[in-house]
There are 2 protein chains.
Amino acid sequence: MRDSTQSRIEQWKADGFDPKNCPVRQVLDHLAAKWTTLILLELENGAQRFNALGRALPDISKRMLTQSLRDLERDGLVRREVFDTKPPSVAYSLTDLGRSFLTPLHAMIDWAGHNMPDIVAARNVFAASED
Amino acid sequence: MRDSTQSRIEQWKADGFDPKNCPVRQVLDHLAAKWTTLILLELENGAQRFNALGRALPDISKRMLTQSLRDLERDGLVRREVFDTKPPSVAYSLTDLGRSFLTPLHAMIDWAGHNMPDIVAARNVFAASED
DNA sequence: GGCATAAGTCTCTAAGTGAGACCTATACTC
DNA sequence: GAGTATAGGTCTCACTTAGAGACTTATGCC
């Protein structure tokens with residue numbers, strides 16, 4: 001096996017990166033969280049309000065919806081706008097940064113959709129081998 | 001209070017998908033987990049044994065290493081081979097399926113690396129706005 | 001004999017998640 | 001004018017999950 005491609009992790013270490021404090025990891029830890037990706041997909045078509053998001057994602061609790069939206073806002077992927085209606089309403093929408101994340105996200109979703117049959121088959125084999 | 005545009009998730013629902021039981025989500029829940037991606041990256045260069053993986057990923061516990069490897073094995077991304085040495089050793093390596101996942105994974109990592117400055121800037125703005 | 005190594009398992013505790021009650025303010029319904 | 005609904009959350013409690021690290025079983029090394 002060729003060794004011309006050193007692993008990314010090895011490179012980072014060589015560059016003095018502490019893997020425990022890896023910035024890419026910090027970003028991915030947020031973005032790969034269960035709900036954030038679903039929220040981003042839901043916002044792909046345009047701004048949505050808090051409760052509309054909650055209805056679109058039926059099994060997210062308000063608590064986690066709030067928390068996930070805060071994370072996305074903090075990282076600059078989502079914009080939060082408060083409108084002075086009565087009662088006040090809040091709209092969430094993608095920033096340019098958030099929109100740009102959809103490309104790699106869709107790449108991963110497409111991979112999952114495309115390879116689902118193999119994964120299901122592997123799971124069946126694995127389950128069968130456990131008896 | 002109808003939504004004017006139909007989101008991708010809405011479309012799936014219209015197609016009879018239960019979002020709670022979405023197969024893509026099941027796959028992504030595993031693959032987007034904290035450790036699985038790091039393990040896959042670590043295996044990119046070739047097979048590794050259990051303890052070698054543990055040393056490469058210094059802040060993973062043995063418990064989670066075992067569990068993550070099992071998940072990856074179950075989904076067919078990683079192959080586990082036991083060698084009858086003394087004491088017996090176990091090598092983990094990527095399957096073709098696992099290797100194919102590296103493409104979208106690297107796309108996401110590249111995005112994170114490339115957009116890190118914007119994210120850090122956004123976090124600073126957000127932290128400043130919290131006072 | 002005592003220590004190290006292999007690949008885990010087991011237990012205990014700490015942290016994170018989900019369900020859902022509750023909050024403040026306004027407007028509509030009867 | 002009491003009740004109900006909507007908005008966008010927060011708060012609490014129960015439950016699940018993750019992390020730290022001791023323990024296991026068999027062998028080789030000094």
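The following exchange discusses a predicted model with chains A and B and DNA strands C and D.

Me: What does the secondary structure of chain A come to?
Reply: Chain A has 6 helices and 3 strands. Along the sequence they follow the pattern α-α-α-β-α-α-β-β-α.

Me: And how much of chain A is buried?
Reply: Of the 131 residues in chain A, 25% are buried. As for contacts in chain A with a separation of 6 or more, 47% are between residues 24 or more positions apart.

Me: Which residues of chain A does UniProt list for a domain?
Reply: The UniProt record, an unreviewed entry, lists residues 22-120 of chain A as "domain: HTH hxlR-type". Over that range the chain is 63% helix and 14% strand, and the C-alpha atoms at its ends lie 33 Å apart.

Me: Turning to the contact between the chains, how many residues does each chain give?
Reply: Chain A contributes 44 residues and chain B contributes 45. On the side of chain A that touches chain B, the elements giving two or more residues are helix 1 (8-14), helix 2 (23-31), helix 3 (36-43), helix 4, helix 5 and helix 6 (96-128) of chain A.

Me: Which of them gives the most?
Reply: Helix 6 of chain A does, with 17 residues. By class, the side of chain A that touches chain B has 24 nonpolar, 8 polar and 12 charged residues.

Me: Now the DNA. Which residues are closest to strand D?
Reply: The closest are Arg49(A), Asn51(A), Ser89(A), Val90(A) and Lys86(B), out of 17 residues that surround DNA strand D. Two or more residues of this surface come from each of helix 4 (50-56), helix 5 (62-74) and strand 3 (89-94) of chain A, and from helix 5 of chain B. The surface near DNA strand D comprises 6 nonpolar, 4 polar and 7 charged residues.

Me: And which come nearest to strand C?
Reply: Met64(A), Lys86(A), Arg49(B), Asn51(B) and Val90(B) come nearest, among 16 residues around DNA strand C. Here helix 5 of chain A supplies at least two residues, as do helix 4 (50-56), helix 5 and strand 3 (89-94) of chain B. The classes for the surface near DNA strand C are 5 nonpolar, 4 polar and 7 charged.

Me: Within chain B, at what angle do helix 3 and helix 5 pack?
Reply: Helix 3 (residues 34-42) and helix 5 (residues 62-74) of chain B pack at about 75°, and their axes are 9 Å apart. Helix 3 of chain B is therefore roughly perpendicular to helix 5 of chain B.

Me: Which residues make that contact?
Reply: Helix 3 of chain B uses Trp35(B), Thr36(B) and Ile39(B), while helix 5 of chain B uses Met64(B), Ser68(B), Leu69(B), Asp71(B) and Leu72(B). By class, the contact has 5 nonpolar, 2 polar and 1 charged residues.

Me: How many residues of helix 3 of chain B are buried?
Reply: The helix is mostly covered, with 8 of its 9 residues buried. Among them are Trp35(B), Thr36(B) and Ile39(B), which also take part in the contact with helix 5 of chain B. Glu42(B) is another of the buried residues.

Me: One last residue: is His114(B) buried or exposed, and why?
Reply: His114(B) is exposed because 10 other C-beta atoms lie within 10 Å, and a residue counts as exposed at 12 or fewer. Its place is in helix 6 (residues 96-128) of chain B.

Me: How far is His114(B) from Thr85(B)?
Reply: His114(B) and Thr85(B) are 29 residues apart in sequence. In space they are 44 Å apart, C-alpha to C-alpha.

Note on methods. Residues numbered from 1 in each chain as written. Chains lettered and ligands numbered in written order. Predicted model: local features only at pLDDT ≥ 70, side-chain atom pairs only at ≥ 80, totals over all residues. Axes fitted to C-alpha atoms, helices over the stretch in contact; angles between N-to-C directions. Helix = DSSP H or I, 4+ residues; strand = E, 2+ residues; numbered from the N terminus. Parallel < 35°, antiparallel > 145°, perpendicular 65-115°, else oblique. Contact = placed C-beta atoms within 7 Å. Nonpolar A, V, L, I, M, F, W, Y, C, P; charged D, E, K, R; others polar. Near = placed C-beta within 6 Å. Buried ≥ 20, exposed ≤ 12 C-beta atoms within 10 Å, placed from the backbone. UniProt positions renumbered as here; feature names shortened; annotations may be inferred.
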